[in-house]
Amino acid sequence: MEESKRRICCLQFFCFILIGFAFQTFASSSGTLFYESFDQSFEDSWTVSENEEYLGVWNHSKSEGHDDYGLLVSEKARKYAIVKELEKPVEVNNRTVVLQFETRFYNQLECGGAYLKYLRPQESGWTPKQFDSNSPYSIMFGPDKCGSTEKVHFIVNTKFQKNGKYVEHHLTYPPKIPLDKMTHVYTAILKPDYEVSILIDGEEKKKVNLLSPEDFHPPIVLPKTIPDYGEHKPEDWDDSKQIHDPNAKKPDDWDEDIPMEIPDEEAVKPKGWLEDEPEEIDDPEAVKPEDWDDEEDGEWEPPKIDNPKCEFVGCGEWQRPMKKNPDYKGTWKAPLIDNPNYMGVWKPRQIPNPEYFELENFAVEPIAAIGIEIWTMQEGILFDNILIANDETTAASIRDTTWKPKFLVEKANQTEEDAAGIEGLKGIQKSVFDVLYKIADLPFLSGHKMKVMELIEEAEKKPSLIVGIILSLAVVVVSPLLKIVLSTKKNQTKVKEGDKMATTQGEDATSPRRRNTRRDG
C-alpha cells in the first residue's frame with residue numbers, strides 16, 4: 001500500500017512539471033485559436049453575468065489532488081453564467097475546427113449540466129454582462145444529466161432559410177457520459193465536409209454528418225418527400241407474417257381438462273401442526289363500547305385476531321401444497337405457419353414535403369465568445385483547459401499533456417479505493433453468511449432448512465446471489481412478524497351505522513382504536 005502511494009506521488013510530481021512546461025507551448029501554437037488553462041484567476045478575463053437570475057458564485061480553485069487550477073461551480077441549486085470574448089471570431093466553415101474542454105464532477109453528476117455555449121457575435125443580440133439562456137449561440141457542446149437525461153449534447157443553432165428563424169438541431173443519438181468523479185475531456189471535431197466526431201477522453205464515441213437527416217433532429221437538410229399521414233391502411237391489407245395452420249388438428253390424446261397444478265403427494269405435514277386450533281380467535285382485549293345498544297345494533301361480538309398459537313407452524317385442517325402438474329397441456333392451439341397472403345408491412349405513400357428547399361451555402365455561424373450558462377442542482381463541477389484549435393494534432397497534444405496525467409493519477413487512486421472496498425466487502429460477506437447460517441437454524445424454518453442451506457452454499461460459490469438470498473429469507477422471517485403487525489390493525493371498534501369509531505374507557509389517547517363487529521339479531 002505504501003509503495004503504491006509513493007508511486008502515485010511521483011506520478012503527480014511528474015505531471016505538474018509536464019503541465020507547467022507545456023502551457024507556454026500550447027498557448028503559442030499555430031494550431032491554437034483559443035486556449036484557457038485557468039492557471040491565473042478568471043476575474044480579469046472572464047465576465048460574470050449580472051443578470052439577476054444567475055446567483056451562482058464561480059471560484060478559481062485547485063483540482064483536488066492536483067497542482068492545477070480550474071473554474072469551479074461552488075454552490076448547489078443555482079443558475080450560473082460566465083462568458084469569455086475571443087479576440088476575433090472563429091470561422092467554422094470550410095476548415096477543421098476542434099472544440100475541447102475538461103470537466104470534473106466531485107460528487108459525480110446527478111442533476112446538472114457541464115456544457116459550453118459557443119456564442120455568435122454580439123451583433124446577434126447579446127452582451128457579456130447580460131449573458132443568459134437566450135443569448136444566441138452557434139454550437140452547444142458538453143455533458144448534461146438530470147432525471148432521464150444523460151448525454152453529451154451537441155447542438156447546432158442555424159438559420160432556417162425559408163423564414164430566417166434560428167432552429168436548434170440536436171444530435172439524434174448522443175453518447176452517454178462517464179458517471180464518476182474523475183476528470184474527463186470532451187472533444188468535438190468539425191470537418192470541412194460537415195463531418196462531426198465526438199470524443200470522450202480521446203476515444204471516438206460518435207461520428208455524424210451535419211447534413212444527414214438521420215443524425216440530427218430536426219434535420220438541417222429536410223427530406224424531399226414525407227409520409228402521407230392522412231392515408232389509412234386498407235381494411236383488406238394482411239400484414240400478419242404468420243398464421244395458425246388451418247389444417248392442423250388437435251391430437252386425440254390432448255386433454256385440455258388436465259389441471260395445471262396437483263397436490264404434492266410427497267409433502268409431509270409439519271411437525272407440531274395444530275389441527276384443532278382455529279386460525280382466528282376473539283380478541284381477548286376487546287371491550288364492548290359503552291354506547292352499544294343490543295336492541296338497535298344487535299348482539300355485540302368481539303373482533304377476530306390471528307391465533308398467536310398459529311404464528312410459527314400452522315392451525316386448522318392441513319392440506320397438501322400444490323405443485324406443477326407434469327401432464328398439464330393446457331388449451332391446444334394450432335401451430336404457426338407462414339401466411340401465404342402476407343402483404344408486408346403497410347406504410348403510407350410518400351408525398352412532396354411542403355417545407356423542403358434546396359440548401360444553399362450552408363454555414364455554421366462564427367464563434368465570437370465562449371459561455372458557460374447552466375442551472376445545476378449540485379456543486380463541485382470543475383471546468384478546465386478550454387480549447388479551440390484548427391487541427392486535431394494540437395488538440396490531441398494538449399489532451400495528452402494536460403488531461404491524461406491527471407486522469408492517470410485519479411485512476412490509480414480509484415484503484416486503491418476499489419481494492420480497499422473489495423477487502424471490506426469480503427469481511428461484510430463473511431458476516432452476512434454467519435448470520436444466514438444462524439437464520440437457517442431457527443426452529444420455525446426447520447421444514448425448509450435443507451433448502452435454505454443449499455441456497456446459502458450456492459451463494460458462497462456465487463457472491464452475486466447474496467442479495468437474492470437475503471431477500472428470500474427476509475420474506476420467510478418477516479412473514480410471521482407481519483401477521484402480528486397486521487393483526488393489530490384489526491383491533492378497532494365498529495360504531496353505529498359503521499361511520500364512527502369508539503375507544504374503550506380509560507384507553508390512552510395514543511393507543512390504536514379497536515375495531516368491533518356486531519351480530520345482527
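What follows is a chat between a visitor and a guide about the predicted model shown above.

Visitor: Let's start with F38. Why is F38 called buried?

Guide: Buried means under 20% relative accessible area. F38 comes in at 0%, so it counts as buried. You'll find F38 in the loop between β1 and β2 (47–48).

Visitor: And what makes the phi of F38 worth a remark?

Guide: The sign. Most residues other than glycine have a negative phi. For F38 the angle is near 60°, a positive value in a residue other than glycine.

Visitor: Where is D201, and why does D201 count as partly exposed?

Guide: D201 sits in the loop between β13 (195–200) and β14 (203–209). Partly exposed runs between the 20% and 50% marks. D201 has 21% relative accessibility, so partly exposed is the label that applies. Its phi is near 55°, again a positive value in a residue other than glycine.

Visitor: How do you know that the peptide bond between H217 and P218 is cis?

Guide: Look at omega: it is about -10° for the bond joining H217 and P218, and that bond is cis. Most peptide bonds are trans. P218 belongs to the loop between β15 (216–217) and β16 (225–227).

Visitor: On to strands. Why is β25 described as largely enclosed?

Guide: Count the buried residues: nine of the 10 in β25 (residues 367–376) qualify, so the strand is largely enclosed by the rest of the structure.

Visitor: How do you know that β25 pairs with β5 and with β8?

Guide: Pairing takes at least two bridges. β5 and β25 have nine, running antiparallel, and one of the matches is E85 with A369. β8 (residues 116–119) has three bridges to β25, also antiparallel, so that passes the two-bridge cut-off as well. In this second pairing, Y118 faces I370.

Visitor: What makes a set of residues here a nonpolar core, and which members of the largest one touch the most others?

Guide: The members must be buried and joined through side-chain atoms within 4.5 Å. The largest core has 58 residues, and those touching the most other members are L99, Y118, F141, F154, F383 and I388. β5 gives the most to this core, with six residues. There is also a second, separate core of eight residues, including Y35, I189, A389 and I398.

Visitor: What does I388 touch?

Guide: Leaving out residues up to four places away in sequence, the contacts of I388 include L33, F34, L86, V90, L99, Y118, I367 and I370.

Visitor: Is I381 buried or exposed, and how do you know?

Guide: Buried: its relative accessibility is 0%, so it falls under the 20% cut-off. I381 is in strand β26 (residues 381–389). Setting aside neighbours within four places in sequence, I381 is in contact with L71, L72, V73, T103 and F105, among others. I381 and N107 are 274 residues apart in sequence, yet their C-alpha atoms are 8.2 Å apart in space.

Visitor: Last one. What lines the second largest pocket, and which element gives the largest share?

Guide: The pocket has a volume of about 350 Å³. Of its 14 lining residues, the closest to the centre are L33, F34, Y35, L86 and E87. By class, the lining has seven nonpolar, one polar and six charged residues. β1 (32–36) and β5 (78–90) each supply at least two of them, and β5 gives the largest share with seven.

How values were computed: Residues numbered from 1 in each chain as written. Predicted model: local features only at pLDDT ≥ 70, side-chain atom pairs only at ≥ 80, totals over all residues. Heavy atoms only, no water. 1 Å grid on protein atoms, 1.4 Å probe; cavity = no way out; pocket = protein on both sides within 12 Å on 5 of 7 lines; lining within 4 Å. Points joined across faces, edges and corners; volume = space filled by probe spheres on them. Helix = DSSP H or I, 4+ residues; strand = E, 2+ residues; numbered from the N terminus. Nonpolar A, V, L, I, M, F, W, Y, C, P; charged D, E, K, R; others polar. Buried < 20%, exposed > 50% of the residue type's maximum accessible area, 1.4 Å probe, protein only. Contact = heavy atoms within 4.5 Å.
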